[in-house]
Amino acid sequence: MASGVTVQEDVLTVFNEMKVRKAQANEEERRKRKKAVLFCLSEDNKQIIIEEGREILQGDAGDPYLEFVKMLPPSDCRYALYDATYETCETKKEDLVFLFWAPENAPLKSKMIYASSKDAIKKKFTGIKHEWQVNGLEDIKDRKTLAEKLGGSSVVTLEGKPLND
């Protein structure tokens with residue numbers, strides 16, 4: 001069931017900026033690229049918008065995966081884009097992951113409207129290879145879970161950190 005929710009234009013702009021990697025980007029441009037962004041519903045529940053102040057840039061300090069997990073609200077739903085950097089035995093890769101965050105203790109109304117609006121945002125995010133619905137911190141806090149989504153047992157590092165530690 002569609003909810004009638006629309007996707008704000010700047011959500012699409014952010015997606016396209018994250019999707020297109022400039023090969024000739026200098027270090028400064030690379031550090032300003034978005035690593036992760038959260039999207040939420042507007043107050044009137046009519047639009048999907050970028051959540052103010054909820055993004056991680058490539059150049060930010062710390063482990064981007066742990067920072068991303070910390071950004072997710074403990075008791076409300078969100079959509080997110082995460083630009084995962086990982087290595088398999090053969091090659092280094094980067095892929096965008098679309099995440100639907102619906103924690104167990106989120107209000108039922110929130111879960112329902114986010115679930116019924118998910119297609120609106122997914123249709124705009126063309127070319128996403130990885131989609132992940134997460135229902136709590138237990139599902140996401142271990143980077144091995146994301147690695148499994150990206151390439152199964154062939155993934156050996158995620159964000160430069162080995163998976164076997």
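**View 1. Phe68 and Tyr82, two buried rings of a predicted model.** Both Phe68 and Tyr82 are buried, where buried means under 20% relative accessible area, exposed over 50% and partly exposed in between (1.4 Å probe, protein chains only). Their ring centres lie 4.8 Å apart with the planes at 35°, so this pair is tilted. For Phe, Tyr and Trp (its six-membered ring), rings pair if their centres lie within 6.5 Å; planes under 30 degrees apart count as stacked, over 60 as edge-to-face and the rest as tilted. Phe68 belongs to helix H3 and Tyr82 to strand E4, so the pair ties together parts that are 14 residues apart in sequence. Helices (H or I, at least four residues) and strands (E, at least two) are DSSP runs, numbered from the N terminus. A note for all views: this is a predicted model, in which local features need pLDDT of at least 70 and side-chain atom pairs count only at pLDDT 80 or more, while totals for chains, interfaces and linings use all residues. Residues are numbered from 1 along each chain as its sequence is written, and side-chain values use heavy atoms, with hydrogens and water left out.

**View 2. Tyr65 and Tyr82, an aromatic pair between helix H3 and strand E4.** A pair of aromatic rings is described by the distance of the centres and the angle of the planes. A search of the whole structure finds eight aromatic pairs. One of them joins Tyr65 and Tyr82 edge-to-face, at 5.9 Å centre to centre and 80° between the planes. This pair links distant parts of the chain, with Tyr65 in helix H3 and Tyr82 in strand E4 (residues 78-88), 17 residues apart. Is Tyr65 buried or exposed? Tyr65 is buried, and Tyr82 is too.

**View 3. Helix H3 and its buried side.** Look along residues 64-71, and you will find Tyr65, Phe68, Val69 and Met71 buried in helix H3. These four cover an arc of only 155° around the axis, which puts them on the same side of H3; the arc is that of the directions from the helix axis to the C-beta atoms. At the N-terminal end of H3, Asp63 acts as a cap, with a side-chain oxygen 2.9 Å from the backbone nitrogen of Tyr65. A polar contact is a pair of N or O atoms within 3.5 Å; within protein, one must be able to donate a hydrogen and the other to accept it, and residues adjacent in sequence count only if both atoms are side-chain atoms.

**View 4. An aromatic cluster.** Which residues join Phe15 in one aromatic cluster? They are Phe39, Tyr79, Phe98, Phe100, Tyr114 and Phe125.

**View 5. The loop between E2 and E3, with Ser42 and Asn45.** Ser42 sits in the loop between strand E2 (34-41) and strand E3 (47-57). With a relative accessible area of 12%, Ser42 is buried. Leaving out residues up to four places away in sequence, Ser42 touches Gln47 and Ile49; contact here means heavy atoms within 4.5 Å. Asn45 is in that loop between E2 and E3 as well. Asn45 has a positive phi, near 60°, in a residue other than glycine. Its relative accessible area of 28% makes Asn45 partly exposed.

**View 6. Strand E7 and the loop that leads to E8.** Thr157 is part of strand E7 and counts as buried at 14% relative accessibility. Beyond neighbours within four places in sequence, Thr157 is in contact with Thr85, Tyr86, Glu87, Pro162 and Leu163. Glu159 lies in the loop between strand E7 (155-158) and strand E8 (161-162). Although Glu159 is not a glycine, its phi is positive, at about 55°. Glu159 counts as buried, at 13% relative accessibility.

**View 7. Gln133 in strand E6.** Strand E6 spans residues 130-134 and holds Gln133, which counts as partly exposed at 41% relative accessibility. Not counting residues up to four places away in sequence, Gln133 touches Phe100 and Lys118. Gly59 is 74 residues from Gln133 along the chain, and their C-alpha atoms are separated by 27 Å.

**For orientation, the setting of these views.** The protein has six helices and eight strands. From the N terminus on, its elements run β-α-α-β-β-α-β-β-α-β-α-α-β-β. Buried residues make up 44% of the 165 residues. Of the contacts with a separation of 6 or more, 64% come from residues 24 or more positions apart.
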